[in-house]
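Student: Could you take me through one part of this protein up close? I would like to see what surrounds a single charged side chain.

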Amino acid sequence: EVLRFFHGGDECLTIPPTWSEQPDQNMVIYEGGEVVSQARSLWRLELARTKWAGGFINWLHPMRIKHITTGRYLGVNDNNELILIHRNEATLSSTSFCLRQEKDDQKAMLEDKDLEVIGSAVIKYGDSTVIVQHTESGLWLSYKTYETKKKGVGKVEEKQAILHEEGKMDDGLEFSRSQEEESRTARVIRKCSSLFTRFIK
């Protein structure tokens, strides 16, 4: 499924318009406004261990989060920073996340049998609030606020998505499914931009 992660109702998880592979530019942010209808805010959830075709992603299931227009996976580098990782370098340990209902200290266990059944959809679009946790490190998807200058606007406050040991009270996210045309357009954007990049190189 191609979807958007909404935070606080009006912001979604996305990449900056100036995103690049450079270490200081390779980041993920929360942004509101026009971006909620743009391709750069689209993500795809992929089960890390596929047992059944068409199986639902449920609580605690290991999964990978792929950014549609860059074709990269949301992942963690050696410094526990949240970045987008090229698919050739995306190991399961660095890019595996799971969805949690709440942050409890007790380590929840997921048995193999839980992955083997197709089950029923428990996490629903626009209805379930999820908290994203990195499987390997146990860190939570959170954010930090910083000030930046925008041309013609002046100083604005931006939220950078980060991984945190404890996180904040409002780290919960909601899903919104994208239209089929949107995800198709996003794939075209990715293919065209990689073609242009190769051409320029």
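Tutor: Let's look closely at arginine 64 and its surroundings. This is a predicted model, where local features need pLDDT of at least 70, side-chain atom pairs count only at pLDDT 80 or more, and totals for chains, interfaces and linings use all residues. Residues are numbered from 1 along each chain as its sequence is written, and side-chain values use heavy atoms, leaving out hydrogens and water.

You will find arginine 64 in strand β5, residues 63–67 (strands are DSSP runs of E, at least two residues, numbered from the N terminus). Arginine 64 is buried, meaning under 20% relative accessible area with a 1.4 Å probe, protein chains only. Arg counts as positive and Glu as negative, yet arginine 64 has no salt bridge (a side-chain nitrogen of Lys or Arg within 4 Å of a carboxyl oxygen of Asp or Glu). The nearest side chain of opposite charge, glutamate 46, is 4.7 Å away.

What else is around arginine 64? Leaving aside residues up to four places away in sequence, arginine 64 touches Arg44, Leu45, Glu46, Ala48, Tyr73, Ala90, Thr91, Leu92 and Thr95, where contact means heavy atoms within 4.5 Å. Two of these names deserve a second look. A polar atom of the arginine 64 side chain lies 3.3 Å from the backbone oxygen of alanine 90. The charged end of arginine 64 also sits over the ring of tyrosine 73, 4.1 Å from its centre (for Arg, CZ within 6 Å of the ring centre and within 35 degrees of the ring normal). Elsewhere, lysine 168 lies over the face of tyrosine 143, 4.4 Å from the ring centre.

How values were computed: Helices (H or I, at least four residues) and strands (E, at least two) are DSSP runs, numbered from the N terminus. Buried means under 20% relative accessible area, exposed over 50%, partly exposed in between (1.4 Å probe, protein chains only). A polar contact is a pair of N or O atoms within 3.5 Å; within protein, one must be able to donate a hydrogen and the other to accept it, and residues adjacent in sequence count only if both atoms are side-chain atoms.
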